[in-house]
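Please open the model in a viewer and keep the sequence panel at hand. The stops below are arranged so that each selection leads to the next.

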Amino acid sequence: MMGESATLNRYEAAFEALCDRRLRQSMYGECDVLMGDVLLTLHGEAHTARRSMELKLFRRNFIHYYEREVYPGIVRETLAPFLASGGMDLPEFGFRVNINLSASIAGVDREQSAEETEALLALVRKFSEGATLFHSTRDKAEVVDEVAAAMAVFDERFFQRSLARREALLTEHAAGRLAEEDLPRDVLTVLLANREAQGLSLETIRREVAFFMQAASHSTANAMVHAFHEIISWCREHPQDAERLATDVLFLQRCVHESLRLHPASPVAWRTTTCPFALPTGTDVAEGDSVVIDLAAANQDPAIFGADADRYNPHRTVAERKPPYALTFGVGLHTCFGRELAGGSLPTAATVAEEHPIGTVTNLLKTLFEHGAAPDPKHPPVPDPDTERANWKRYPVLFMRTPA
C-alpha cells in the first residue's frame, strides 16, 4: 500500500484537491489487466484527449433517450421473473438490470439468452473485484489472476464479435455508404473511430470497454441498494414521507441524492503528487507523495451539510451551490460521466416533474416501490465480507402489491 503523507477530510479542501491537476489518480494500479490505461487511470494530456472523445456520448439527448426509451424496457424485462416469484435479492436484481444498460453503452453485443446473460454477469462480477482491489480483503495476487482469466473469456466470447461488427460499420461509413447517425452510439465505436488519431491499441480499447461496463453496472447497483435501505429505514420513523414517495418523484430523487452523499462508490480517493506544492490545508508535499482524499468524511462535513451531516435526512438544507450528493460523483478531472444518467439532473424552482430527468437509480426505486418492495422480515440483509467498502452482499425483498 502507498505511504500516506496527508489526508483531506473537509469538503472544501477535498473539492480543491479533486480539481488540482498536480495530483494524479493512484488508487487503481494494482490490477492493470483491467485498469491499465483506462480513462480513470490516465493523467495529463492523454486523459484530456480520451475524456473529450468519450464525453461526446453523454450529451443531454443521449441521456434522455436511455432514460425514457431504453431503460424502462430493460427494467420491465429484468423484473418480470422476480415479480412472478414474489421476491428477489436486491443486489442481484441491481446487477442484472444495470448490466444490460451498461453493456449497451459500452458497446458489448450479446444474444438475448439466459446463458449469455449469466456469462456476462459472472465476468462483470470478477471485473468488479479487480476494479475495487484496493479495498479487497482477499489475496490480491489471486484476484488479479482471476481477473486476467475473465478478461480472456470476455475477449473470446463478447469483445471480438462486438469489435468485428463495428469495424465493418465504420468501413461502410468511411466509404460513404453509411451515415454517421446510423453508427452505434457507444464507447467501443467512439474508441475505434479515433483509434489511429489517439494511438489506441486493441488491448487498451478492450480494457476500456470492460471497465466502463463494470463501473456503470457495479456502482449503480450498489447505489440503488444503499438508497433502498436508507429510504425504508427513514420511512419507518417518518410514515408521512412514505406516502409522499408514491406521488412526489422529485422528493424520491432527493431521497436518492441524500443516500448518494452518505455512500460514495469509493469512500476515499488516493492521489500522488506530480510536483512539490502546498495542499489546501497548508500542508507541504513533495513530488511523489501520497494524498488521501477522504470522500466519506468530506461528504459529511458539518460546515456544508449541517450538524447532523453523518445521518440520513432527505429534508436536509445544503449550503448554497453545493450538490446534495456532495462529492460522490467527483469533480474536476475525474467527474463521473454517468452522473446525470444515474443521479438525474438537479431540479430547480421551475422544474416540471413529468419532464425532469430523475436518473436510473430513482427510476429503479420508483418501480420497486410501486410494487410494494419491502425487506424480507425472515431473511435480513447481509454485508459483503470480501471488501472494506460498506456494500451489501445480499438484501432479500418481497413484493407486497401490484401497481394499479
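## A long-helix starting point

Begin by selecting helix H10, residues 202-237, in this predicted model. At 1.5 Å a residue, its 36 residues should span 52 Å, and the end C-alpha atoms lie 53 Å apart, so the expected and the computed span agree. Colour H10 by accessibility next: 27 of its 36 residues are buried, and the helix is thus mostly covered.

## The whole chain

Zoom out to the full protein chain, which has 16 helices and 11 strands. Along the principal axes, its C-alpha atoms fill a box of roughly 60 × 55 × 45 Å. How does the radius of gyration of the protein chain agree with that of a compact globule? For 404 residues such a globule would have a value near 22 Å; the chain has 21 Å, and therefore the two agree. Of the 404 residues, 52% count as buried. Among contacts with a separation of 6 or more, 72% join residues 24 or more positions apart.

## Helices H6 and H7

Select Ala119, which is found in helix H6. Its relative accessible area is 17%, and because buried means under 20%, Ala119 counts as buried. Leaving out residues up to four places away in sequence, Ala119 touches Arg157 and Phe158. Draw a distance from Ala119 to Phe158: these residues are 39 apart along the chain, and their C-alpha atoms are separated by 9.8 Å.

Stay with Phe158 and show the rings of Phe127, Phe154 and Phe159 as well; ring pairs link these four phenylalanines into a cluster.

Move next to Ser162 in helix H7. Is Ser162 buried or exposed? With a relative accessible area of 1%, Ser162 is buried. Its side chain reaches the backbone oxygen of Phe158 at 2.8 Å. In a helix of this general kind, the geometry is familiar: an α-helix has 3.6 residues a turn, so residues three or four places apart point the same way. Beyond its neighbours within four places in sequence, Ser162 is in contact with Gly107, Val108, Asp109 and Leu188.

Now select Thr132, in the loop between helix H6 (114-131) and helix H7 (140-174). Thr132 is buried, at a relative accessible area of 12%. The side chain of Thr132 reaches the backbone oxygen of Ser128 at 2.7 Å. Which residues does Thr132 touch, not counting those up to four places away in sequence? They are His218 and Arg389.

## Aromatic pairs

Display the rings of Phe, Tyr and Trp; the structure holds 12 aromatic pairs. Select Tyr325 and Phe329, whose ring centres are 5.0 Å apart and whose planes stand at 90 degrees, so the pair is edge-to-face. Tyr325 is buried at 6% relative accessibility, and Phe329 is buried with a relative accessible area of 9%.

A second pair to select is Trp392 with Tyr395. The ring centres of Trp392 and Tyr395 are 5.5 Å apart and their planes lie at 90 degrees, so this pair is edge-to-face. Both Trp392 and Tyr395 are buried.

## Charges over rings

Select Arg22 together with Phe277. The charged end of Arg22 sits over the ring of Phe277, 4.0 Å from the ring centre. Then go to Arg244, which lies over the face of Phe251 at 4.1 Å from the ring centre.

## Two positive phi angles

The last stops concern the backbone. Most residues other than glycine have a negative phi. Select Asp37, in the loop between helix H2 (32-35) and helix H3 (44-55). Phi of Asp37 is near 65 degrees, a positive value in a residue other than glycine. With a relative accessible area of 42%, Asp37 is partly exposed.

Where does Arg321 lie? Arg321 is in the loop between helix H14 (302-305) and helix H15 (339-343). Arg321 is not a glycine, yet it has a positive phi of about 65 degrees. At 81% relative accessibility, Arg321 counts as exposed.

Conventions
Residues are numbered from 1 along each chain as its sequence is written. This is a predicted model: local features need pLDDT of at least 70, side-chain atom pairs count only at pLDDT 80 or more; totals for chains, interfaces and linings use all residues. Side-chain values use heavy atoms; hydrogens and water are left out. Helices (H or I, at least four residues) and strands (E, at least two) are DSSP runs, numbered from the N terminus. The expected span of a helix is 1.5 Å times one less than its number of residues. Buried means under 20% relative accessible area, exposed over 50%, partly exposed in between (1.4 Å probe, protein chains only). Rings of Phe, Tyr and Trp (its six-membered ring) pair if their centres lie within 6.5 Å; planes under 30 degrees apart count as stacked, over 60 as edge-to-face and the rest as tilted. A charge sits over a ring if NZ of Lys or CZ of Arg is within 6 Å of the ring centre and within 35 degrees of the ring normal. A polar contact is a pair of N or O atoms within 3.5 Å; within protein, one must be able to donate a hydrogen and the other to accept it, and residues adjacent in sequence count only if both atoms are side-chain atoms. Contact means heavy atoms within 4.5 Å. The radius of gyration is taken over C-alpha atoms; the globule rule is 2.2 Å times the number of residues to the power 0.38.
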